[in-house]
Amino acid sequence: MHPHRKAAAVIGALALGTTLVALTGPAQAATPSATPVASQTPKVLPTPEGDGAKGICKRLPKAEQRIQNALDRLNGPVTEAGSIARLQQRVNNAKAAGHTAIYNDLNDRLTYRKSLVPTLTQRQSDLNAVATWCSSQGLGTPTAQ
């Protein structure tokens, strides 16, 4: 064997041995001395001093606008992305084309999207009551930033 090749082989063997020791070393060291997760003390948060009413009243206009935008989009025409009407048209197209898997997926999405309307409508009603309460408490409803 050529002397340079012999030296290269020895260096390669040493590197491989070092790598194997490095890979097995930390795993063995971590096992016996590692602290179990269950014994660690959980972080304790301070007790809230209020109900956050001031912050809720401050964020109210933005929340109302987000809900209104979502309802407008859901109730939009076939030409509006994200509308129930547009998704309904896609469901109809998939059924007419005989694409059963696509039809099933789109129909499930349509069912979920339709369920969003009453939920968002209820939230909108709840926010109206919160707006009335904020006004009565003098917290008002500042303009959205």
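This report describes the disulfide and helix α3 of a predicted model.

## The disulfide

A search covering the whole structure finds one disulfide, and this link is formed by C57 and C134, whose sulfur atoms are 1.8 Å apart. Because C57 belongs to helix α2 (residues 53-74) while C134 belongs to helix α4 (residues 100-136), the pair ties together parts that are 77 residues apart in sequence.

The link of C57 and C134 is left-handed, with -85 degrees about the S-S bond. As for their surroundings, both C57 and C134 are buried.

## Length and end of helix α3

Helix α3 (residues 84-97) has 14 residues, which at 1.5 Å a residue should span 20 Å, and the C-alpha atoms at its ends are 20 Å apart, so the expected span and the model agree. After α3 comes G98, a residue whose phi is positive, near 80 degrees.

## The buried face of helix α3

Which residues of α3 are buried? I84, L87, V91 and A94 are buried in this helix. When α3 is seen down its axis, these buried residues fall within an arc of 85 degrees, and they therefore line one face of the helix.

The buried residues of α3 pack against α2 and α4. Helices α2 and α4 also carry the two cysteines of the disulfide, with C57 in α2 and C134 in α4.

Technical notes
Residues numbered from 1 in each chain as written. Predicted model: local features only at pLDDT ≥ 70, side-chain atom pairs only at ≥ 80, totals over all residues. Heavy atoms only, no water. Disulfide = S-S within 2.5 Å. Helix = DSSP H or I, 4+ residues; strand = E, 2+ residues; numbered from the N terminus. Buried < 20%, exposed > 50% of the residue type's maximum accessible area, 1.4 Å probe, protein only. Expected span 1.5 Å × (residues − 1). Arc of directions from axis to C-beta. Contact = heavy atoms within 4.5 Å.
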